[in-house]
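Please open the model in your viewer and keep the selection panel at hand. The stops below are meant to be taken in order, each beginning with something to select.

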Amino acid sequence: MTVENDLIPIQQLRQLLASGESNEELVKQITNLFPALIYVYDPGKGKIRYINRKITDLLGYSWEDVASWKEDLSQLVYQEDLATVLSELDKLSKNGSEHCFQCRLAHKEQSFRIFSTVGTVLRRNEDGSPASLLLVSQDITDQLKLEEERIAARKLMQETEQMLGVGMWSHDLITGKTEWSDGMYQLMGLSRQQYPQIPNKLFYEHVCPKDLDTLRGKVDSAITSGKEFRHDFSIERMDGKRLFLNTITKPVVDESGRVLKLNGINRDISDQYQQTMEYNANKEFQKETERMLNYGIFIWNADSRMISWSDGLFQIFEYNRASLVTPLTMNWYFNQIVEDDRERVQKVVTEALEEKKEFEIEYSILTGKGNLKIVNTKGTVVVDNKNHPIRMIGNTRDITHIKKVEIDLQRNLRELNRSNKELEEFAYAASHDLQEPLRKITTFGSRLSQKFSNQVGEEGQMYIQRMQVATDHMRNLIDNLLELSRVTRNRQPFESVDLSALFSDVLGDLELSIEETGASIEMGMLPIVDGIPSLLRQLFINLLSNSIKFHKPGEAPLIEVSSKSLSKKEKEKHFLSPSSGYVQIDIRDHGIGFDQEYEQRIFQVFQRLHGKSEYPGSGIGLAICKRIAERHNGFISASGKEGEGAVFSIILPEKQ
């Protein structure tokens, strides 16, 4: 495009812009002063016929640059948009009416600027085709950039509000208009489409009734005073979900101090509120637990030398947290310990700090109310990455009552042991001393019967015989009492005992009873346990003798002996240590049985469920079995049913 091509002269412009004569200088001033790029395009020749001087301000080209251009659009339009612009100009030519489009125009120093272009047909040929098009292009680059930044900022705000669970709002007191951000709509569970205009009462309708009056009062006070406020309250969303919100509301005032507007930010604090509720509940639970178990927690800070106490420790030491003015330091704590124990406790704590180890100690304290208590303290030292102590944490428990009970129990136990020992010695001595008179009664009774049978007659002989029977019964009782005493007094060491072998020996001892009754004894494999062989032998003799004795009349006894190891669940049922092994030996008979309500009675001394004439015995055998089981740190139990037999179960530890 050159000057010779008549692109620039005003005469041409006048001919293009209007019919008739025009003031060339006026046209020039109008086009150059207009804040847009104005150019005329000839669609038939595909050339630019005129362009105003705004091209320098808008695109950076000098008039000399423009004069060197070709007359087509390739120098003006950004290359990537050239085809689009030509298509838009073709539409303008065909439609004939005003047409708008956007495109990028090439800038001299930058890549491009974005323009909004309005075009119209300026003149037509005789055949009606457009001879020239008038195009006015306005630079909208900065406007579009601002719009993009505004959209980006709005998106960022929406994302931030959603991420932080906040919503912003504004209420104009003059117009009564309320505006919500997108985050506020999300908090309420509403959409902008539902409520493009916010009714004044909409928000209050969702505030939970218990919080409504307080919130209204806060708002009214802010409007009156012009002061900012913060407040927590709850709302019920449209979907029924309950939220806890925190609001920061700030009034906007004019020069006179009148409140014109309220601006606020509402934040969802439901998670924090729930955590606070759980924390308070846990704190109350800990406080109640400390009260019930008589303990408290402490933390000693190595830097500040201060001690933090839980409520439980204040209760133990009988101090009021609010009224205690003395700082809680380690030295203050040591002063609460009675003088006799103070040095010992200081030494233990100092060693724990130096060696970074745990400690446990019992000592006495004098409380704030002057009461003497015994406490137990357990603590551990926390170190930093350089192995330097930074704090000591632990708990202190009031064991005054426990110690008192322990002392009473020990005293009672000593008294009980003394009494039991005296009773055992008495029983042993009495039983032993009674043997001699019985022997004399038996001897003299026999001589009386032999030498003076004629003098005493039949009736006298009957009395002598009954006396002898009573004497034998008395001797059996004494022998059984001596046996019971020996079990209690037995201090033989435990050794490994093969119960299968032991049981076989017992069957040999009872061979005569077994043959007389025709008893059948079925024995499974029995375990090896730690025990006292002589006592275990007596245990099985007594139990088998019982099973043989109490068989059904006219039926041979059938006895089954089995064993098993106790499972974890079975140990828990019997309150036994889960880490130790236990075995259970069952002796089952099919004899006369017994009523289950007498389970405990049958293990008591001299207790009988049947008459002596039916089933002879002293009533001490099962009591001896019970003592033997207990001597082995085990126990014995029985279950039965009248007419169907009984099962005696002995539970013994595998290792003592």
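The tour goes from the whole chain to single helices, residues and ring pairs.

**The whole chain**

Begin with everything displayed, and bear in mind throughout that this is a predicted model. The protein has 20 helices and 22 strands, and of its 656 residues 37% count as buried. Among the contacts with a separation of 6 or more, 55% are made by residues 24 or more positions apart.

**Helix 5 and S93**

Select residues 82-95, which form helix 5, and pick out S93 within that helix. With a relative accessible area of 14%, S93 falls under the 20% limit and is therefore buried. If you leave aside the neighbours within four places in sequence, the residues in contact with S93 are P43, P130 and L133.

**Helix 6**

Move next to residues 141-164, the 24 residues of helix 6, and ask what span they should have at 1.5 Å a residue. The expected value is 34 Å, and because the end C-alpha atoms are 34 Å apart, the model agrees with it. Just after helix 6, select G165, which takes a positive phi of about 65 degrees.

**C208 in its loop**

Now find C208, in the loop between helix 8 (202-206) and helix 9 (209-225). Is C208 buried or exposed? Its relative accessibility is 9%, so C208 counts as buried. Adding S234, I235, E236 and R242 to the selection shows the residues that C208 touches, not counting those up to four places away in sequence. R237 is also worth selecting here: 29 residues away along the chain from C208, its C-alpha atom is separated from that of C208 by 9.9 Å.

**Aromatic pairs**

A pair of aromatic rings is described by the distance of the centres and the angle of the planes. A search of the whole structure finds 14 aromatic pairs. One of them is formed by W180 and Y185, an edge-to-face pair with 5.3 Å from centre to centre and 75 degrees between the planes; both W180 and Y185 are buried.

For another pair, select F317 and Y333, whose ring centres are 5.5 Å apart and whose planes stand at 45 degrees, so that the pair is tilted. Because F317 lies in helix 11 (residues 311-317) and Y333 in helix 12 (residues 330-335), the pair ties together parts that are 16 residues apart in sequence. Both F317 and Y333 are buried. Extend the selection to W309, F314, Y319 and W332, which together with F317 and Y333 form one aromatic cluster.

**Helix 18 against helix 20**

For the last stop, show helix 18 (residues 533-549) together with helix 20 (residues 621-631), whose axes come within 9 Å and cross at roughly 145 degrees. The crossing of helix 18 and helix 20 is left-handed. To see the contact itself, display L535, L536, Q538, L539, N542, L543 and N546 from helix 18, which meet G621, L622, I624, C625, I628 and R631 from helix 20. Colouring the contact of helix 18 with helix 20 by class would show eight nonpolar, four polar and one charged residues.

Keeping helix 20 in view, select L622, A623, I624, C625, I628, A629 and R631, which are the buried residues of helix 20. Finish just after helix 20 at N633, which takes a positive phi of about 60 degrees.

Methods: Residues are numbered from 1 along each chain as its sequence is written. This is a predicted model: local features need pLDDT of at least 70, side-chain atom pairs count only at pLDDT 80 or more; totals for chains, interfaces and linings use all residues. Side-chain values use heavy atoms; hydrogens and water are left out. Helices (H or I, at least four residues) and strands (E, at least two) are DSSP runs, numbered from the N terminus. The expected span of a helix is 1.5 Å times one less than its number of residues. Axes are lines fitted to C-alpha atoms, for helices over the stretch in contact, and angles run from 0 to 180 degrees between N-to-C directions. A crossing is left-handed if the near helix is turned anticlockwise from the far one by less than a right angle, and right-handed if clockwise. Contact means heavy atoms within 4.5 Å. Ala, Val, Leu, Ile, Met, Phe, Trp, Tyr, Cys and Pro count as nonpolar, Asp, Glu, Lys and Arg as charged, and the others, Gly among them, as polar. Rings of Phe, Tyr and Trp (its six-membered ring) pair if their centres lie within 6.5 Å; planes under 30 degrees apart count as stacked, over 60 as edge-to-face and the rest as tilted. Buried means under 20% relative accessible area, exposed over 50%, partly exposed in between (1.4 Å probe, protein chains only).
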